[in-house]
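Visitor: Could you take me closely through the surroundings of the ligand, and then through whatever in the rest of the chain deserves a careful look? I would like one connected account rather than a list.

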Amino acid sequence: MINAEMFGYGSEKSSIREIAAYAAGRKAALGADKVFDFSLGNPSAPAPDEVRASIERALTLPSMALHGYTPAIGLPEARQAVAASLNRRYGVDYSAADLFLTAGAAPALAATFRALTEPGQSEIIVIAPYFPEYKLWIEAAGARCVEVLADEETFDIDVDAVAAAITAKTAAIVVDSPNNPTGKVYPEATLRALGRALDEAERRFDTKITLVSDEPYREITYGCVVPWIPSIHDRTVVTYSYSKALSLPGERIGWVCVPPTHPEHDEVYAAVAGASRILGHVCAPSLFQRVLIDCVDVPADVEAYAENREALTRGLSEAGYSYVEPDGAFYLWVRALEPDANAFFERAKALELLPVPSHSFGCKGWVRVGYCVPYSTIVDSMPAWRKLAESYA
Ligand code: PLP
């Protein structure tokens, strides 16, 4: 027998991956410089030199130390290094006991969703547009994914809409800032209002609602501050990844942080550990746990993305497109030139322009243009963007 649900997840590729696979085929047929693939969030900045130096140092360790199992929660030195970095940056007082190292943000989220819900009984709220995999991980935990649209003008969280969507079954809400796909960084005032709405709903329903802050793009910002949410709202769990900040998406390293200020710290931490265990986690990659010890404070190469952002926004403005001014991450959320983003995507595709239509992210009428690409891709794509706009004139 085969599990029908799993068969469905496995045989239906994510639309982002499908577009990326299509782009690879077109590049093979036409030449890489003739196809403008803006689909995947694969960082284009190289991993920092400090990472290479750290790997080289680690390679001199005895085999068991380098390649052996680590504790499931991660090496104490690596967790301590992360805690110390958070303490320095956000003025908090965390320890190794608050960190659980994972193979990136994906398993961190899958475990967190499983840890916070009861199959068939719980709901998790996501703010649309949202990273599409959230829905799969929520549903795989047996919970219901409840989509709440962001404010359609600013793409900030619509706190009143969130409050209206909370029920007695709401176990968690996911916040992703800087946001994939809009690039929005949620202001502190919004997060405070959201915290108040969650407190109020907890009193109303006599429940506990965790704010899950998914932050793989925290380090990639263009001059704005990303608030540290656990300092605003106690019942918060943070998931993080070095995929974007250190350009290490293939190496799989990240963490779940259950801050000591979380009112059910020990229970939530144990439940995350338990959920990870049943999902097949053994330990995060040992080599990259060691890299964290050396590189936890190495800054992201934001400059490369800032140049791309500037060239893309300038070019698209001149061609008549409107978009959400991105505060962070490396995505531009561009309004489609017709209400049906899929139809717009098909016209773009005919010009070898490959953004991702917004239905993949749970909303209508937009496309996501990933600018984690070579600068030349942005410059060379401009005639095609202009031609696409002219086709609507
Ligand atoms: N969360 C968001 C918002 C993402 O965009 C991604 C990856 O693109 C992930 C989580 C998963 O990241 P990781 O590579 O660490 O699993």
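Guide: Sorted by class, the shell around the ligand is made up of seven nonpolar, four polar and four charged residues. The model is a predicted one, and the distances and angles that follow are computed from its atoms. Among the 15 residues that surround the ligand, the nearest are Ala105, Asp214, Tyr217, Ser241 and Arg252. The largest contribution to this shell comes from helix H6, which spans residues 105-116 and supplies three residues.

Turning to individual polar contacts, a ligand oxygen lies 2.6 Å from an N or O atom in the side chain of arginine 252, and for the side chain of serine 243 the corresponding distance, again from an oxygen atom of the ligand to an N or O atom, is 2.8 Å. With alanine 105 the partner is a polar backbone atom, which is 2.7 Å from an oxygen atom of the ligand. Taken on its own, the ligand has 400 Å² of accessible area, and the protein covers 92% of it. The space that the ligand takes up is the largest pocket.

In the loop that runs between strand E7 (236-241) and strand E8 (254-257) one finds serine 247, a residue that has a positive phi of about 55° although it is not a glycine.

Two peptide bonds that precede prolines also merit inspection. The bond leading from alanine 128 to proline 129 is cis, its omega being near 5°, and proline 129 itself belongs to the loop between strand E3 (123-128) and helix H7 (133-140). Asparagine 180 and proline 181 are likewise joined by a cis peptide bond, with an omega of about 25°; here proline 181 is placed in the loop between strand E5 (170-176) and helix H9 (188-205).

As for charged pairs, side chains that carry opposite charge can pair when their charged atoms come close. The structure holds 15 salt bridges, and one of them is formed by arginine 57 with aspartate 294, whose closest N and O atoms are 3.1 Å apart. This pair links distant parts of the chain, since arginine 57 sits in helix H3 (residues 49-58) and aspartate 294 in helix H11 (residues 286-295), with the two positions 237 residues apart in numbering.

Key. Residues are numbered from 1 along each chain as its sequence is written. This is a predicted model: local features need pLDDT of at least 70, side-chain atom pairs count only at pLDDT 80 or more; totals for chains, interfaces and linings use all residues. Side-chain values use heavy atoms; hydrogens and water are left out. A residue is near a molecule or strand if one of its heavy atoms lies within 4 Å of it. A polar contact is a pair of N or O atoms within 3.5 Å; within protein, one must be able to donate a hydrogen and the other to accept it, and residues adjacent in sequence count only if both atoms are side-chain atoms. Accessible areas come from the Shrake-Rupley method with a 1.4 Å probe; for residues, only the protein chains shown count as cover. On a 1 Å grid over the protein atoms alone, a cavity is a set of points where a 1.4 Å probe fits but cannot get out, and a pocket is an open set with protein on both sides within 12 Å along at least five of seven lines; lining residues have an atom within 4 Å of a point. A molecule sits in a cavity or pocket if more than half of its atoms lie within 2 Å of its grid points. Helices (H or I, at least four residues) and strands (E, at least two) are DSSP runs, numbered from the N terminus. Ala, Val, Leu, Ile, Met, Phe, Trp, Tyr, Cys and Pro count as nonpolar, Asp, Glu, Lys and Arg as charged, and the others, Gly among them, as polar. A salt bridge is a side-chain nitrogen of Lys or Arg within 4 Å of a carboxyl oxygen of Asp or Glu.
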